[in-house]
Amino acid sequence: MKKLVIILILICLCSACGFKDIDRRFFVVAIGIDKSEKKDTKYRLTLKLAVPGNNIDMGTAKFELVTQDGNSITDCVRLLKSKVDKELDFGHSKIAIFGQSLLKENISETTDWLNRRRDIQLVSWLAAGSPSAEAVLGTEVAHERLPGNALLLSFGKTGVESGYIISEYLFDFYRKKKELGLDPIIPIIQASNKHYTINTSLVFDKERSKLALNMDETRLFNIMKGNLNKVEIATPYHDSKFFISVDNLRSKYRVYAPSNQRPYANIDVRMRGVIEETFTHLDANELADYEKAVEKTHSEAMSKLLEKLQKENLDPMGFGLNYRAHHFGKVEEEWHTWQALYPELEFHVNIQMKLEGIGVIK
């Protein structure tokens, strides 16, 4: 009898709790935050809501977009609840996209909201949206099986593997904003004609975006950072060029600050691959010459990119963090010393290219 009473009490308590059935929830699969075009509001929040369907065939992914302007993200969410008939569930939000106009300002408030929400996963991806986050979330991809899944496959490397795509987690972005000697970098998603293009990136200081990297610069950064295993690279050779498919890549770097000498950073990159395409005749006996051409061309390009970042006082590679890891002392003293060293830092890029052949011609 006592057990029956306890069970009845538990049933009564559960009926009064905040749990809602799955059919009374809207699952938010992606979040977009833009700068509001209204004068009296700061943000425009866009939520991509998954609409359940009977199958998961290609092109059947259904979603609904809801938008709201407000002076805080919290206000936007509360006002959005008046536009839907189900509870908003952020537990499945795997990507947050910022409009590029918003990123030019301090985004500490928006990232703070994302990190404080207990139902938003810290392993969510972060990206910039062009022309806006709302435009990116509103893009209907013909082959998409689940709402928002196309972007998750791009960043998670479970689908496409591209040398032009930079992946950045929410927790890692937040860490880099606080870490001395390491600046955040996120990809730019361009939406047009019912598809996405992800091949450029944005570099931040500790508050806002400062520098946009083009396609080639983004690929070079990925190679130096060691973010990928496969990449395609082009190399000029005499009056023509050839293309290499790299299927093995390793990279490491170290900062040195010898006394009475100019500080320098060694960046060692090792690549192995085969020639995939060429616009001229190549001789299999001249692989050593082709390797030297690759090493010379890309070491110069990488040095130029690093000097460009140095000029803007940006450090997405993490040279400052590497310096601090090998020099011990008070944090403030280490940081001030590094800030004085970084403008004088020289970059020594050493590339070792191993070509396994010039492809197969029959």
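Is Asp-172 buried or exposed, and what is the relative accessibility behind that label? Asp-172 counts as buried, at 16% relative accessibility. Keep in mind that everything in these close-ups comes from a predicted model.

**View 1. Asp-172 pairs up with Arg-175 inside one helix.** Here the side chains of Asp-172 and Arg-175 meet in a salt bridge, with 2.8 Å from N to O. Both residues sit in helix α7, three residues apart, and that's about one turn of the helix. The partners don't get the same label: Arg-175 is partly exposed at 35% relative accessibility, while Asp-172 is buried at 16%. The cut-off for buried is under 20%, so Asp-172 makes it and Arg-175 doesn't.

**View 2. Asp-172 also helps line the second largest pocket.** This pocket has a volume of about 290 Å³. Its lining is made of 18 residues, and those nearest the centre are Ile-166, Ser-167, Glu-168, Asp-172 and Asn-227. Three helices give two or more residues each to the lining: α6 (149-156), α7 (170-178) and α8 (215-225). Of these, α8 gives the most, with three residues. Sort the lining by class and you get eight nonpolar, five polar and five charged residues.

**View 3. Glu-179 reaches a partner far along the chain.** The side chains of Glu-179 and Arg-324 form a salt bridge, at 3.4 Å from N to O. Glu-179 is in the loop between α7 and β7 (185-192), whereas Arg-324 is in helix α10 (residues 319-326), so this pair links distant parts of the chain, 145 residues apart. As for exposure, Glu-179 is partly exposed, with a relative accessible area of 22%, but Arg-324 counts as buried at 16%.

**View 4. Lys-38 and Asp-69 belong to a salt-bridge network.** The closest N and O atoms of this salt bridge are 3.9 Å apart. Lys-38 lies in the loop between β1 (25-35) and β2 (43-51), and Asp-69 lies in strand β3 (residues 62-70), 31 residues away in the chain. Lys-38 is partly exposed, at 49% relative accessible area, while Asp-69 is buried, at 10%. Through shared partners, salt bridges join Lys-38, Arg-44, Asp-69 and Glu-134 into one network. Across the model, the count comes to 22 salt bridges.

**View 5. Two tyrosines meet edge-to-face.** The model has 14 aromatic pairs, and one of them is Tyr-237 with Tyr-290. Their ring centres are 5.1 Å apart and the angle between the planes is 85°. Tyr-237 sits in strand β10 (residues 231-237) and Tyr-290 in helix α9 (residues 287-311), 53 residues apart. Tyr-237 counts as buried at 14% relative accessibility, and Tyr-290 does too, at 1%.

**View 6. Phe-319 and Phe-347 make a tilted pair.** The ring centres are 5.7 Å apart and the planes are at 40°, so this pair is called tilted. Because Phe-319 is in helix α10 and Phe-347 is in strand β13 (residues 346-355), the pair ties together parts 28 residues apart in sequence. Both Phe-319 and Phe-347 are buried.

**View 7. More rings, with company.** Trp-125, Phe-155, Tyr-169 and Phe-171 form one aromatic cluster. Elsewhere, Lys-48 lies over the face of Phe-63, 4.3 Å from the ring centre. Lys-86 lies over the face of Phe-26, at 5.0 Å from the ring centre.

Key
Residues are numbered from 1 along each chain as its sequence is written. This is a predicted model: local features need pLDDT of at least 70, side-chain atom pairs count only at pLDDT 80 or more; totals for chains, interfaces and linings use all residues. Side-chain values use heavy atoms; hydrogens and water are left out. On a 1 Å grid over the protein atoms alone, a cavity is a set of points where a 1.4 Å probe fits but cannot get out, and a pocket is an open set with protein on both sides within 12 Å along at least five of seven lines; lining residues have an atom within 4 Å of a point. Grid points are joined across faces, edges and corners, and a volume is the space filled by probe spheres set on the points. Helices (H or I, at least four residues) and strands (E, at least two) are DSSP runs, numbered from the N terminus. Ala, Val, Leu, Ile, Met, Phe, Trp, Tyr, Cys and Pro count as nonpolar, Asp, Glu, Lys and Arg as charged, and the others, Gly among them, as polar. A salt bridge is a side-chain nitrogen of Lys or Arg within 4 Å of a carboxyl oxygen of Asp or Glu. Buried means under 20% relative accessible area, exposed over 50%, partly exposed in between (1.4 Å probe, protein chains only). Rings of Phe, Tyr and Trp (its six-membered ring) pair if their centres lie within 6.5 Å; planes under 30 degrees apart count as stacked, over 60 as edge-to-face and the rest as tilted. A charge sits over a ring if NZ of Lys or CZ of Arg is within 6 Å of the ring centre and within 35 degrees of the ring normal.
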